[in-house]
Amino acid sequence: MRRAVGLALFALSGTAIAELPLFDGGHVKGVWLTSSYPDDSVFREELGAVTQDQAMDVRFKFSVDAGAWQAQADYQLLGRHGESIGGGGALDNQFVPQRIVVDDDRRWWDLTSEINSGDEHVLLHRLDRLNVAYRGDKTVVRFGRQAVSWGNGVIYNPMDFFNPFDPAAVDTEYKVGDDMIYGQYLQDSGNDWQAVNVQRRDAAGDVSAEVSSTAVKYHGFGLDREYDLLLAQHYDEAIVGVGGVINVGDSVVRGDVMVSETDPEWVTSLVVNWSYSWVWGDTNVSGVAEYFFNGFGLREQDYSAEKIAAAEDLVARLARGELYTLGRHYLASSLMMEVTPLLNVTPVLFFNLGDQSALAQVSVQWNFAQDWQVLSALNVSLGPTGTEFGGIEGSPEGMTLATGPTVFVQVARYF
């Protein structure tokens with residue numbers, strides 16, 4: 001742990017870190033997370049009424065260019081200390097809050113190594129990016145650990161099925177990298193083809209085609225509109241998708257429809273959103289309203305543990321981190337207000353139309369000095385017992401998987 005603290009302090013001295021060979025920037029982030037649990041929460045039984053956690057994320061980026069060729073490597077040092085770590089292990093299921101420990105158990109390459117761990121702390125280091133790329137005038141090919149984002153969803157994004165962010169995530173600066181080969185070909189018209197093949201390991205630790213993903217996407221322009229056509233094979237299931245972006249007056253409407261092959265039927269998911277920016281007084285404001293239909297969600301409003309467990313396709317996607325919702329119909333909205341050029345305040349509401357529960361979030365981003373940033377958020381779950389955000393019923397009888405208000409504060413130093 002002393003070495004980790006020393007490395008973090010070393011990273012904070014921007015002058016010293018800039019002398020590293022091939023160094024291309026990085027950051028140090030310190031996180032404070034306070035979580036609370038209501039009286040009937042099973043988490044309160046294990047963790048107490050309130051937990052305090054601290055986390056650290058150090059990233060060093062390295063790159064080298066030689067003509068059209070580029071190599072990239074991002075080193076990460078991740079640490080977490082807090083009261084929720086030991087309890088999270090004891091509860092061990094996908095509904096445990098604040099699961100942040102990254103591992104490479106299912107990735108093709110194991111580039112993560114634990115340095116130290118205990119009942120209330122874990123320290124590890126890893127390579128989150130490690131790839132080599134060829135970048136021609138019309139062609140890009142990149143092989144190795146990297147991240148790809150597709151889809152037109154702003155808050156929910158069903159077409160971004162490789163490794164999506166949690167819709168309630170506050171820090172979305174970096175996705176966790178996956179091991180893949182990615183290619184892009186740009187046509188003279190401006191349209192482009194993209195292709196991805198992601199390799200993974202199955203539960204036995206073997207690289208298997210049954211858990212890999214291969215996808216081809218065509219992005220085109222026509223009649224003042226953009227459109228996407230997608231064809232994929234994902235975990236041995238076929239996916240067909242179509243999406244687009246159009247201007248409606250001064251606003252923008254985006255959306256995707258995705259159809260997935262399951263046994264015994266094809267399942268449709270879709271997202272459509274409307275975004276608009278305006279000046280409110282002297283404040284720049286950007287608003288988003290989005291509807292998400294989760295075809296894998298439970299049809300009933302009864303989100304009992306038994307019914308969730310029986311929904312195998314839903315549980316598989318929750319476990320893989322592809323989905324973060326239990327129901328079928330969601331409405332979300334956000335309002336980003338630029339109080340000053342360096343201070344943004346964004347209230348967001350995630351509303352489950354099926355059970356009438358919601359998650360309210362207010363985040364603040366403040367760039368208070370050159371290369372320094374504070375990011376904070378308050379999350380409050382709203383809804384009665386038995387609902388998704390109010391707390392689904394757990395075990396023993398009368399207990400729930402509810403969480404109370406949480407406060408997240410992150411201070412970042414970039415270099």
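Which residues does Ser260 touch, not counting residues up to four places away in sequence? In this predicted model, the list runs to Ala238, Ile239, Glu265, Trp266, Val267 and Phe296. Ser260 itself sits in strand β12, which covers residues 251-261. With a relative accessibility of 4%, Ser260 counts as buried, because the cut-off for that label is under 20%.

**The chain as a whole**

Let's step back for a moment. The chain is built from six helices and 19 strands. There are 415 residues, and a compact globule of that length would have a radius of gyration near 22 Å; the chain comes out at 22 Å, so the two agree. If you'd rather think in box dimensions, the C-alpha trace spans about 65 × 60 × 55 Å along its principal axes.

How much of the chain counts as buried? The figure is 44% of the 415 residues. As for the outside, the accessible surface is about 20,400 Å², and carbon and sulfur atoms supply 56% of it. Contacts also reach along the sequence: take those with a separation of 6 or more, and 54% of them join residues 24 or more positions apart. On the charge side, you'll find 28 positive and 56 negative side chains, with the centres of the two sets 5 Å apart.

**Helix α6 and its two sides**

Helix α6 takes in residues 312-320, and its buried residues are Leu314, Arg317 and Leu318. Looking down the axis of α6, those buried residues fall within an arc of 105°, so they line one face of the helix. The general rule behind this kind of pattern is that an α-helix has 3.6 residues a turn, so residues three or four places apart point the same way. On the other side of α6, Glu312 and Ala319 are exposed.

What do the buried residues of α6 pack against? Their partner is β11, the strand at 237-248. Right after the helix comes Gly321, with a positive phi near 75°.

**Loops with unusual backbone angles**

Two residues that aren't glycine also have a positive phi, namely Asp236 and Gln356. Here they are next to each other:

| Residue | Phi | Loop | Relative accessible area |
|---|---|---|---|
| Asp236 | about 65° | between β10 (225-234) and β11 | 48%, partly exposed |
| Gln356 | near 65° | between β16 (343-352) and β17 (358-369) | 52%, exposed |

Then there's a cis peptide bond to look at. It runs from Asp263 to Pro264, with omega near 20°. Pro264 belongs to the loop between β12 and β13, the latter being residues 266-280. Ser260 comes back into the story here, as it is in β12 and has Trp266 and Val267 among its contacts.

**Asn367 in strand β17**

One more residue to click on is Asn367, which is found in strand β17. Is Asn367 buried, partly exposed or exposed? Its relative accessible area is 23%, so Asn367 is partly exposed. Leaving aside residues up to four places away in sequence, Asn367 touches Leu342, Trp372 and Gln373. If you want a distance to check on screen, try Asn367 to Val411: these two are 44 residues apart in sequence, and their C-alpha atoms are 9.8 Å apart in space.

Terms used. Residues are numbered from 1 along each chain as its sequence is written. This is a predicted model: local features need pLDDT of at least 70, side-chain atom pairs count only at pLDDT 80 or more; totals for chains, interfaces and linings use all residues. Side-chain values use heavy atoms; hydrogens and water are left out. Helices (H or I, at least four residues) and strands (E, at least two) are DSSP runs, numbered from the N terminus. The radius of gyration is taken over C-alpha atoms; the globule rule is 2.2 Å times the number of residues to the power 0.38. Buried means under 20% relative accessible area, exposed over 50%, partly exposed in between (1.4 Å probe, protein chains only). Contact means heavy atoms within 4.5 Å. Accessible areas come from the Shrake-Rupley method with a 1.4 Å probe; for residues, only the protein chains shown count as cover. Lys and Arg count as positive and Asp and Glu as negative; His and the chain ends are not counted. The place of a charge is taken as NZ of Lys, CZ of Arg, CG of Asp or CD of Glu. The arc is that of the directions from the helix axis to the C-beta atoms.
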